[in-house]
Amino acid sequence: MRTQIGVRLLAASGWLGGAFAESRTRLQPSNLAYDASNPWSRGNAALRVRDLLPYKAVPNGENWYDIAGDRIKAWGGNIYAENSTFYWVGQNSPSSPSSTGDSALVNLYRSEDLLNWEKLGSPITVYTPDVNGNQPLLYCIYERPKLMKSKTTGKYIIWAHWEMVGSYSPSEVIMATAENVQGPYTITSRGHRRPGAGNAAATAMGDRVGGSRIDFGTSSKIAADTSHPYMPVQPSYPPAILQYGTPSTTSPYNPAYVAASQYGTASFANVRFGMTLKAVAVRMTPWNATLYNQYSSNYSVSASTYIVRYATNIRSPVVTTVFNIGDPGDERVTLVSPVISPTLEESISSTLILVNSGDAAFITVSTENATVYYTTDGSDPVQTNSAQAYTVGTRITVAGAVGSNLTIKAIAVKNGQATDVVVQTYEIAGNPSDVPIFSPVINYLSGTYAQTSAAFQSGGIRIYSPSYMTNCYYTMDGLDPDPPVVGDNIGFGSRDMTVWEDPRTETHYLVTATDNIYGRIWQLTDDLTDVVEDREYDIFVSESREAPVLVRNRGASGDYVYLITSGQSGWYSNQGMYKRTGDFAAGFSLPRDPITGYRDGRSGWSPLAPIGDASTFGSQPTWIQNIGTNDSPAYIYVGDRYNVSNLPQSSYVFMPVYVDDSSAGENGVVGSGSMRLSFDPQPAINVADGTVDTPSWRLLSLNKPVVATLATSLTAAQTLAGTYNFSAAAANDGINFDVSAYDAVAQYYFPSTVPYFWQVDLGRVYSLSWIGLSFRSVSGSDAVERYTLSGSTDNASWVQIFDNTANVLPGFKAHQVSGRYRYVRIDTISVWDVVHNTAATWEAGLYEASIYGNC
């Protein structure tokens, strides 16, 4: 949603004024050297490192180098200030270490001026141990680290978001502590878990297994009914292997096993550092369709979500396979006999294995490239009979009356050579209590494996569960799988998160996003290693917000806490939004929902208001740092700018953020205060003075005359609404934000065709400094505009000043330019969806074109 209130770009900071001499040298376009490897740099031109150091300004959207000349890698992190030193901690890579192959997870930098940084090392790596010596980070996703220090213990703590590789279902946090800021860090005894998990008190916040929560993803079949059903609470960690199909709505209590090609599979791709795989088979409760039966008539509920069963404490022993990464040599080359499981080791009989009807046997062989042949009719298998070949994942089911038996014979064959026949006999037990929950079967043995091993390919590693209708759970972090049972508190999910200290109370809080539904605030314990079990409330409900950052304006004496978040659109930047509260802790005392136990604290916060342009100037928030004082604050917004086509080439955006408690938001929202970002391609931060130097350029294009390709005509309904403006003049009216791409307010230049042009007359010749382009973005767009920029002094003879026709990066664009011109023209040749590799002309448009320069 955009309104005509008219955002005066940069006006809040006074940067619209005339020339203001800078106190420090800023990097000039003349210092540029071509570097095709850096698509984020100005026109594929990057400053040579020797020309950069020492930095006088932040190179927004550029490669940023530390004092050793290496690129700074600190995404998703925070800046911790201690005495006169700043510590910047962040992810070594925006993507998973299993994808990059780099063992570093977190990098730590030190600076006195926020511009020139010294790398101190990588305090968190895949090998960082927990207090018991396990290495739970060997195979995981580790994101958004936040560094702080406990005043109670004097220890440094790094909180982070933890996930399994290939899945965001766990939604957990993990923390590590150290005596020194550089480490060594040790993961705490509770390891990774959801905030609140394990707290058994009735007053403790968190989801209980077997309880219920609102299903915001499911709506009523009756259009006028805006309510949602309650869905069962199920744990999402540890994961279960794939065994069963979706429960049938007509006969939900006996789901069929999936085909052999899928049975026992899980995702084990890119195992680069080793993995300890553990599995346990668990007897489950009976299937429960209560909520499905209650809601299926009026809501389009999913049988797989609403027909549920839960783990019990009846379980098999845990089995383990350790995968070390290296040169396997001759391991698994020699032909060995296959193994038919379960084996006699799990039977009370010394001659056969007692089973229950429906249990199954599986055949594995540790020799690579060997084929197994088997029979169940008493005959010996032969390698010439292809019908006897065992297919990986096949359940050889043992069924029948008490006393019935099945004999399985098997051989392994490689290069024409066969092993001796192995035999296993199974018999249906007369007394079910004589039959244990059989141990899971992992089809690979412990050993050394190459990264390219078939084990790590799709469907390679399989985990089998012989006992009928059991679930088989697994872990990859060296810890035993321990699925929660009915009544257990599994906490609340936590994905994008931050940890923030309220300067008024010196209390720390975890602020986190749960799925695409909730935003939550937890108070932390004094040692900063856990949450206070009953101190939590929700700040977002069904609003899809993430990447929270907070600031109390004017520090300990300030009245309001402001919270900035982004929308959820993957790696693509979108419209930043903020809200504020005058009583941050009030939500902890609110009553709880009688069904879910949740505590809705939204009423204590103002409505959302926009900050920055429709892509938050091509960034996602990660921190706010005050370099001023409480009475005269100077806030620096820290954001990540993700290069979606090449994530390791992602960069950073530092911007002044201006806060005014008494003003309205940029879209006219009253009661939200005012937060405004001021983008500068090279903001000169002055820590000593607690200021950001004012640049000499000013905005030249605001409300100046424009000509352009014919705009899209408004429909009759849009004209009647009075909230739509697709004219060319909308692209330099000072309004660059869009609260929602799907509401009934749309104010941007919307050309009727592509290619298109847009041109502004500055009124006289100016010396240009840079051009900012806020292209249309539909809630985090994957479409890019490809264009050129040209300048002219007379509207007749034109000079191309920038070529971005090979653009692959969505979002805000800032181009440093030079030359003296009166007219500036944008020629867009195409709008392209870089994900689906197709034209996206429907997304053409320009929120704002801002031309900056001097007389």
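## Strands β34 and β35

Strand β34 is joined to strand β35 (residues 561-567) by 6 bridges, and the two run antiparallel. This comes from a predicted model. One bridge can be picked out by its residues: L550 has L563 in β35 as its partner.

Is β34 enclosed or open to the outside? Strand β34 covers residues 545-552, and 8 of its 8 residues are buried. Strand β34 is therefore largely enclosed by the rest of the structure.

## An open sheet of 3 strands

Another set of strands makes an open sheet. Its 3 strands stand in the order β17-β19-β21, with antiparallel pairing. The edges are held by β17 (339-341) and β21 (396-397). Each of these has a single partner strand, so one side of each has no neighbour in the sheet.

What links β17 to its partner β19? The two pair over 3 bridges, in the antiparallel sense, and β19 spans residues 360-364. At residue level, V339 has T364 in β19 as its bridge partner. As a general point, the strands of a sheet pair through backbone hydrogen bonds, in a parallel or an antiparallel way.

## The whole chain

Now step back to the full protein chain. The chain holds 5 helices and 54 strands. Its radius of gyration is 31 Å, and the globule rule gives 29 Å for 855 residues. The two values are close, so the chain is as compact as a globular protein of that length. Along the principal axes, the C-alpha atoms fill a box of roughly 100 × 65 × 60 Å.

How much of the chain is buried? Of the 855 residues, 57% count as buried. Take the contacts with a separation of 6 or more: 67% of them are between residues 24 or more positions apart.

## Surface and charge

The protein chain exposes about 32200 Å². Carbon and sulfur atoms supply 49% of that area.

The chain has 56 positive and 74 negative charges. How far apart are the mean positions of the two groups? The answer is 5 Å.

## Two cis peptide bonds

Most residues other than glycine have a negative phi, and most peptide bonds are trans. The next cases depart from these patterns.

The peptide bond from G183 to P184 is cis, with omega near 10 degrees. Where does P184 lie? P184 sits in the loop between β9 (172-178) and β10 (186-187).

V754 and P755 are also joined by a cis peptide bond, and omega is about 10 degrees. P755 belongs to the loop between β47 (746-747) and β48 (756-775).

## Two residues with positive phi

M469 is not a glycine, yet its phi is positive, near 65 degrees. M469 is placed in the loop between β27 (463-464) and β28 (471-475). Is M469 buried or exposed? Its relative accessibility is 11%. Buried means under 20%, so M469 counts as buried.

E506 is not a glycine either, and its phi is positive at about 60 degrees. E506 is in the loop between β30 (497-502) and β31 (507-514). Its relative accessibility is 49%. Exposed means over 50%, so E506 counts as partly exposed.

Conventions
Residues are numbered from 1 along each chain as its sequence is written. This is a predicted model: local features need pLDDT of at least 70, side-chain atom pairs count only at pLDDT 80 or more; totals for chains, interfaces and linings use all residues. Side-chain values use heavy atoms; hydrogens and water are left out. Two strands pair if DSSP finds at least two bridges between them. Helices (H or I, at least four residues) and strands (E, at least two) are DSSP runs, numbered from the N terminus. The radius of gyration is taken over C-alpha atoms; the globule rule is 2.2 Å times the number of residues to the power 0.38. Buried means under 20% relative accessible area, exposed over 50%, partly exposed in between (1.4 Å probe, protein chains only). Contact means heavy atoms within 4.5 Å. Accessible areas come from the Shrake-Rupley method with a 1.4 Å probe; for residues, only the protein chains shown count as cover. Lys and Arg count as positive and Asp and Glu as negative; His and the chain ends are not counted. The place of a charge is taken as NZ of Lys, CZ of Arg, CG of Asp or CD of Glu.
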